[in-house]
Amino acid sequence: MSKMKSCIIPAILAAMALTALTACGGKSESADATTAAETTVETVTEEETKEETTEETTEAAEEDNTEAEASDGNSVYLEQVDTMNKAAEEFITISMEFMQLSQDDPENIEGMSELIEKTRNTKKAFVDFAALDTVPEGLEEAHGKLASAATGYADTLDIYCDVLLATVKGEEHEAMATIQEDWTNAATALSDAMGEVEEVIAAQ
């Protein structure tokens, strides 16, 4: 009798992972440059007009530089967010390999255990993201929520791997009955937090 008969099908949870990580996959577009205001003063001298024009040009350039810096910071931040998307894609690929092996060679405990540990390693992107200490201005609150959700996702992924490993070895695990609900909750929290980050960036 196959030890896999009571195993949670990883493809189901892989689908949850993919669903959770669609909210913030793209990179933020850079903001368009602002238009400098034109000023006409009839009663000032030509020299004063040049000075005012120079001041306006300088102010407009400073505003453009500030917006460009903010856009660059957001782009870098979204690249860091995207590492979680890539980890989720890797998770799904490995899960598919695991499911195929469990069907083709259900007694290959060693091979399935190796794939489970590869799956566990995908949590690193979420752990690393949660540990970020540099966040673009204005994203502090949204990042806090996303970092917390990333930690919860990583922790749940770890437990999922423990459950899966116990299952292939024919052992019981205390989280067997709750892992699917826990995963759904973690995935939903991550998706919501990613959506909030995207909304904040779009509003800037």
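## A tour of the predicted model, from the N terminus inward

Begin by selecting residues 1-12 of this predicted model, where the pLDDT stays under 50 and for which the model nevertheless has 29 contacts beyond four places in sequence. Extend the selection to residues 17-45, another stretch with pLDDT below 50, which has 52 contacts in the model beyond near neighbours in sequence. Where pLDDT is low, the predicted coordinates should not be read in detail. If you colour the whole protein by confidence, the average pLDDT is 74, and 66% of the residues score at least 70. Among the elements, helix α1, residues 10-20, has the lowest mean pLDDT, at 48, whereas α4 has the highest, at 96.

Next, turn to the nonpolar core. The largest one has 39 residues, and those to select as having the most contacts inside it are V81, M84, F126, L146 and Y160. The elements that give two or more residues to this core are α2 (46-104), α3 (109-121), α4 (124-130), α5 (140-168) and α6 (179-203), and the largest share, 13 residues, comes from α5.

Now select α3 on its own and check its length: its 13 residues, at 1.5 Å a residue, should span 18 Å, and because the C-alpha atoms at its ends are 18 Å apart, the model agrees with that expectation. The buried residues of this helix are G111, M112, S113, L115, I116, T119 and R120. An α-helix has 3.6 residues a turn, so residues three or four places apart point the same way.

Stay in α3 and pick R120, a residue that counts as buried because its relative accessibility is 14%, below the 20% cut-off. Displaying its surroundings, and leaving aside neighbours within four places in sequence, you will find R120 in contact with D158, C161, D162 and L165.

Move then to N85, which has its place in helix α2. With a relative accessibility of 6%, N85 also counts as buried, and a polar contact of 3.0 Å joins its side chain to that of D82.

Finish at E140, in helix α5. Is E140 buried or exposed? Neither word fits, because a relative accessibility of 47% makes E140 count as partly exposed. To close the tour, draw a distance from the C-alpha of E140 to that of V197: the two residues are 57 places apart in sequence, and 9.7 Å apart in space.

Methods
Residues are numbered from 1 along each chain as its sequence is written. This is a predicted model: local features need pLDDT of at least 70, side-chain atom pairs count only at pLDDT 80 or more; totals for chains, interfaces and linings use all residues. Side-chain values use heavy atoms; hydrogens and water are left out. A nonpolar core is a set of buried Ala, Val, Leu, Ile, Met, Phe, Trp, Tyr and Cys residues joined through side-chain atoms within 4.5 Å. Buried means under 20% relative accessible area, exposed over 50%, partly exposed in between (1.4 Å probe, protein chains only). Helices (H or I, at least four residues) and strands (E, at least two) are DSSP runs, numbered from the N terminus. Contact means heavy atoms within 4.5 Å. A polar contact is a pair of N or O atoms within 3.5 Å; within protein, one must be able to donate a hydrogen and the other to accept it, and residues adjacent in sequence count only if both atoms are side-chain atoms. pLDDT is the predictor's confidence in each residue, from 0 to 100. The expected span of a helix is 1.5 Å times one less than its number of residues.
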